[in-house]
Amino acid sequence: MKDYSTVIIEDEKPAARLLMRKLNDLGLDHVEMLHSVAQARKWFSENACPDLIFLDIQLSDGLSFEIFDGNDIDSSIIFTTAYDEFALKAFKMNSIDYLLKPISQDELSFAIDKFERLRDDRQELNLKQIKEIFNNNHTNFKNRFTVKIGQNIKLINIEDIECFILKTKERIFLPRTVTNIYWITV
């Protein structure tokens with residue numbers, strides 16, 4: 001098994017230590033333990049995101065979903081909880097699996113294998129890079145269209161186009177302020 005940076009966020013210290021031992025048995029050694037929402041928020045603001053987070057949902061000082069408010073965390077997450085009522089919300093995050101306590105070694109091993117498969121198959125583009133691509137103004141859009149009108153071809157600047165209308169068998173009503181209408185047959 002590869003060496004992944006791992007964080008366990010679990011408010012019950014005996015459960016956190018048990019999970020750490022199980023992870024160590026599976027070859028994951030670089031494990032950090034956090035025990036509250038406040039401690040986790042502080043840790044994530046000061047450290048790089050780990051590869052994998054094991055996350056209990058109900059912590060002593062709130063729901064673990066609060067950790068992600070204001071922190072840009074793009075780690076893979078395996079939820080470890082005694083409650084199944086948060087499963088849907090959990091899977092809307094970067095969730096790999098949702099393990100109900102008590103967690104068996106086989107379930108844990110399967111979840112880590114799933115994480116490794118997804119990680120290996122994962123493309124290099126992450127959410128931040130996708131946002132950067134869409135926010136870059138390097139995209140060149142058309143600034144005019146070539147339109148055939150009868151036997152003639154006319155260039156129409158994009159600034160002169162108000163809208164495009166798909167011509168169907170239905171009637172189209174346009175306001176009187178429209179002066180030039182070009183019907184383009186595709």
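Two strands are said to pair if DSSP finds at least two bridges between them, the strands themselves being DSSP runs (E, at least two residues) and the helices likewise (H or I, at least four residues), numbered from the N terminus. This is a predicted model, in which local features need pLDDT of at least 70 and side-chain atom pairs count only at pLDDT 80 or more, while totals for chains, interfaces and linings use all residues. Residues are numbered from 1 along each chain as its sequence is written, and side-chain values use heavy atoms, with hydrogens and water left out.

Strand 1 (residues 6-9) pairs in the parallel sense with strand 2 (residues 31-34) over four bridges, and with strand 3 (residues 52-55), again in parallel, over four bridges. Isoleucine 8 has methionine 33 as its bridge partner in strand 2 and phenylalanine 54 as its bridge partner in strand 3. These strands belong to an open sheet of five, with parallel pairing and the order 2-1-3-6-7, whose edge strands, 2 and 7, each pair on one side only. At the strand 7 side, five bridges join that strand to strand 6 (residues 76-81), with threonine 81 opposite leucine 100.

In a regular strand the side chains alternate between the two faces of the sheet. In strand 1, Thr6 and Ile8 point one way and Val7 and Ile9 the other, and all are buried (under 20% relative accessible area with a 1.4 Å probe, protein chains only, where exposed means over 50%). The largest nonpolar core (buried Ala, Val, Leu, Ile, Met, Phe, Trp, Tyr and Cys residues joined through side-chain atoms within 4.5 Å) has 19 residues, and Ile8, Leu23, Phe54, Ile78, Leu108 and Ile112 have the most contacts inside it. Helix 1, strand 3, strand 7 (95-100) and helix 4 (105-121) each supply at least two residues of this core. Apart from it lies another core, of 18 residues, among them Val7, Ile9, Val37 and Phe79.

Helix 1 (residues 13-25) joins strand 1 and strand 2 in a right-handed β-α-β unit; right-handed here means that, with the strands pointing away from the viewer, the path from the first strand over the helix to the second runs clockwise.

In helix 2 (residues 37-46), Val37, Ala40, Trp43 and Phe44 are buried. Seen down the axis of helix 2, its buried residues fall within an arc of 130° (taken from the directions from the helix axis to the C-beta atoms), so they line one face of the helix. Ser45 and Glu46, on the other side of helix 2, are exposed.
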